[in-house]
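Here is a short set of exercises to work through with the model open beside you. Try each task before reading its solution.

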There are 2 protein chains.
Amino acid sequence: MDESQVIDALGALAQETRLRILRFLVTKGSDGASAGEIGEAVDAASSRASFHLSTLANAGLVTAERKSRHIIYRVNFDAMGSMIGYLINDCCGNHQDVIACCPTPDKC
Amino acid sequence: MDESQVIDALGALAQETRLRILRFLVTKGSDGASAGEIGEAVDAASSRASFHLSTLANAGLVTAERKSRHIIYRVNFDAMGSMIGYLINDCCGNHQDVIACCPTPDKC
DNA sequence: CTATTATTTCAATAATACTTGAAACGTTGA
DNA sequence: TCAACGTTTCAAGTATTATTGAAATAATAG
């Protein structure tokens with residue numbers, strides 16, 4: 001993941017509705033959720049949800065798959081991991097205070 | 001670190017000049033660097049560098065300390081760690097594909 | 001084929017953010 | 001105190017992004 005991809009991904013997450021969408025999709029795991037369900041969950045009109053979902057999809061953070069009338073969105077955990085990995089490795093040079101937060105939910 | 005703080009931090013990093021500034025400051029470690037040195041390093045006019053530095057400082061990602069005529073900026077590694085920890089823990093629920101990227105520079 | 005449901009696209013408006021250069025501020029040395 | 005230096009603040013113009021509701025597309029059931 002290069003610099004401009006990371007900027008796209010960070011920008012995609014730096015917005016209340018989209019961060020909520022991502023968190024909601026995380027709870028759905030591999031089942032994913034449709035745009036309508038997502039919009040309801042984050043209290044957004046369908047056109048707004050669609051707009052933000054396409055921003056997230058363009059940044060590679062979610063995937064979209066049509067299932068009959070619905071389009072199922074899922075978190076792309078790989079992309080999230082790549083983005084976070086860039087922050088930890090390339091950006092912060094694996095600084096101790098940064099990696100200390102990794103798999104320890106209590107501190108972070 | 002709560003949701004709105006994370007959004008501020010993500011938004012602060014989602015910009016080319018500011019991401020470069022942060023990466024430059026990481027290489028400087030605890031020595032830090034002055035606004036002028038930073039502006040030169042990232043090829044930005046001093047007023048632009050100052051503007052972006054205050055955005056980063058407001059988000060808590062850098063600290064500022066006056067040393068005679070200069071103001072020395074440093075990365076706040078703790079804040080970076082908190083932000084990344086939020087992404088890994090609260091946001092991604094410690095999903096395996098995400099934490100896989102943690103301290104392994106080769107993958108991320 | 002038509003009606004229905006789910007979703008996206010579009011245009012207009014509003015809000016936010018970036019850049020630039022000039023002016024103002026704070027600190028230090030003479 | 002004055003002049004010089006480093007830094008920040010400000011205002012104006014430009015660009016990007018968010019929101020809304022309406023219209024358009026896509027898929028399916030009857």
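**Exercise 1. Find the element of the protein that gives the most residues to the surface near DNA strand C, and describe that surface.**

*Solution.* Start with the leading element: α4(B) gives the largest share of the surface near DNA strand C, with 4 residues. Before going on, a word on the ground rules: this is a predicted model, in which local features need pLDDT of at least 70 and side-chain atom pairs count only at pLDDT 80 or more, while totals for chains, interfaces and linings use all residues. Residues are numbered from 1 along each chain as its sequence is written, chains are lettered from A and ligands numbered from 1 in the order in which they are written, and side-chain values use heavy atoms, with hydrogens and water left out.

Next, list the elements. At least two residues each come from α3 (35–41), α4 (46–58) and β3 (70–75) of chain A, and from α4 (46–58) of chain B. Helices here are DSSP runs of H or I with at least four residues, strands are runs of E with at least two, and both are numbered from the N terminus.

Then count the residues. DNA strand C is surrounded by 19 residues, and the closest are G36(A), Y73(A), R18(B), H52(B) and R69(B); a residue is near a strand if one of its heavy atoms lies within 4 Å of it. By class, the surface has 4 nonpolar, 10 polar and 5 charged residues. Ala, Val, Leu, Ile, Met, Phe, Trp, Tyr, Cys and Pro count as nonpolar, Asp, Glu, Lys and Arg as charged, and the others, Gly among them, as polar.

**Exercise 2. Which parts of DNA strand C do G36(A), S50(A) and H70(A) approach?**

*Solution.* Take the residues in turn. A polar backbone atom of G36(A) is 2.8 Å from a phosphate oxygen. S50(A) places a polar side-chain atom 3.0 Å from a phosphate oxygen. For H70(A), the partner of the polar side-chain atom is a sugar or linking oxygen, at 3.5 Å. Polar contacts are pairs of N or O atoms within 3.5 Å; within protein, one must be able to donate a hydrogen and the other to accept it, and residues adjacent in sequence count only if both atoms are side-chain atoms.

Finish with the strand itself: of its atoms within 4 Å of the protein, 70% belong to sugar or phosphate and the rest to bases.

**Exercise 3. Now turn to DNA strand D: which residues are closest, and what does R69(A) contact?**

*Solution.* First, the neighbours: 19 residues surround DNA strand D, with R18(A), H52(A), R69(A), G36(B) and Y73(B) the closest.

Second, the contacts. H52(A) has a side-chain N or O atom 2.7 Å from a phosphate oxygen of DNA strand D, and a polar side-chain atom of R48(A) lies 3.1 Å from a phosphate oxygen of this strand. R69(A) brings a side-chain N or O atom to 2.7 Å from a base oxygen. Two or more residues of the surface come from α4 of chain A and from α3 (35–41), α4 and β3 (70–75) of chain B.

Third, the shares: α4(A) supplies the largest, 4 residues. Of the strand's atoms within 4 Å of the protein, 71% belong to sugar or phosphate.

**Exercise 4. Describe how chain A and chain B meet.**

*Solution.* Begin with the contacts: 40 residues of chain A touch 40 residues of chain B, contact meaning heavy atoms within 4.5 Å. The two chains bury about 3500 Å² between them, 70% of it on carbon and sulfur atoms; buried area is the accessible area (1.4 Å probe) lost on putting two parts together, summed over both. R23(A), F77(A) and C91(A) supply 15% of the area that chain A buries against chain B, more than any other three residues.

Then look at polar links: 2 residue pairs are in polar contact across the interface, both at pLDDT 80 or more.

Finally, assign the elements. On the side of chain A that touches chain B, α1 (3–13), α2 (16–28), α5 (77–91) and α6 (96–99) give two or more residues. The largest share, 14 residues, comes from α5(A). By class, this side has 22 nonpolar, 10 polar and 8 charged residues.
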